[in-house]
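Look at the model below. This report covers its helices, its confidence and its main pocket.

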Amino acid sequence: MVSTAIRNAIAPAQPMSWTEAITVSLAAITFAIPAVAALYLAKSALGIDLMAGPSPLHDALYAFVR
């Protein structure tokens, strides 16, 4: 079911159903959250500052750095 939903999202042969849309959204969130956390940790480990002061993710992800 997941592979069919992802295939229909990439190259649609027909309109997606609500179930397929929710499945694709949940799959995207499942992969996006750890990816953002990993990129934040890599940025922090390299000492890269993208903006003055703490980043918006600092409070949410600082526990992983300690």
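Helices (H or I, at least four residues) are DSSP runs, numbered from the N terminus. This is a predicted model: local features need pLDDT of at least 70, side-chain atom pairs count only at pLDDT 80 or more, and totals for chains, interfaces and linings use all residues. Residues are numbered from 1 along each chain, and side-chain values use heavy atoms, without hydrogens and water.

**Confidence.** pLDDT is the predictor's confidence in each residue, from 0 to 100. The protein chain has a mean of 83. Among its elements, these are the two extremes:

| Element | Mean pLDDT |
|---|---|
| H2, highest | 89 |
| H3 (residues 58–65), lowest | 70 |

**Helix contact.** The axes of H1 (residues 2–10) and H2 (residues 18–46) cross at roughly 95 degrees. Axes are lines fitted to C-alpha atoms, for helices over the stretch in contact, and angles run from 0 to 180 degrees between N-to-C directions. H1 is therefore roughly perpendicular to H2 (65 to 115 degrees). Contact means heavy atoms within 4.5 Å. Residues of H1, including Val2 and Ile6, meet Glu20, Thr23 and Val24 in H2.

**Pocket.** A pocket is an open set of points on a 1 Å grid where a 1.4 Å probe fits, with protein on both sides within 12 Å along at least five of seven lines; lining residues have an atom within 4 Å of a point. H2 gives the most to the lining of the largest pocket: five residues.

Definitions and conventions
Parallel < 35°, antiparallel > 145°, perpendicular 65-115°, else oblique.
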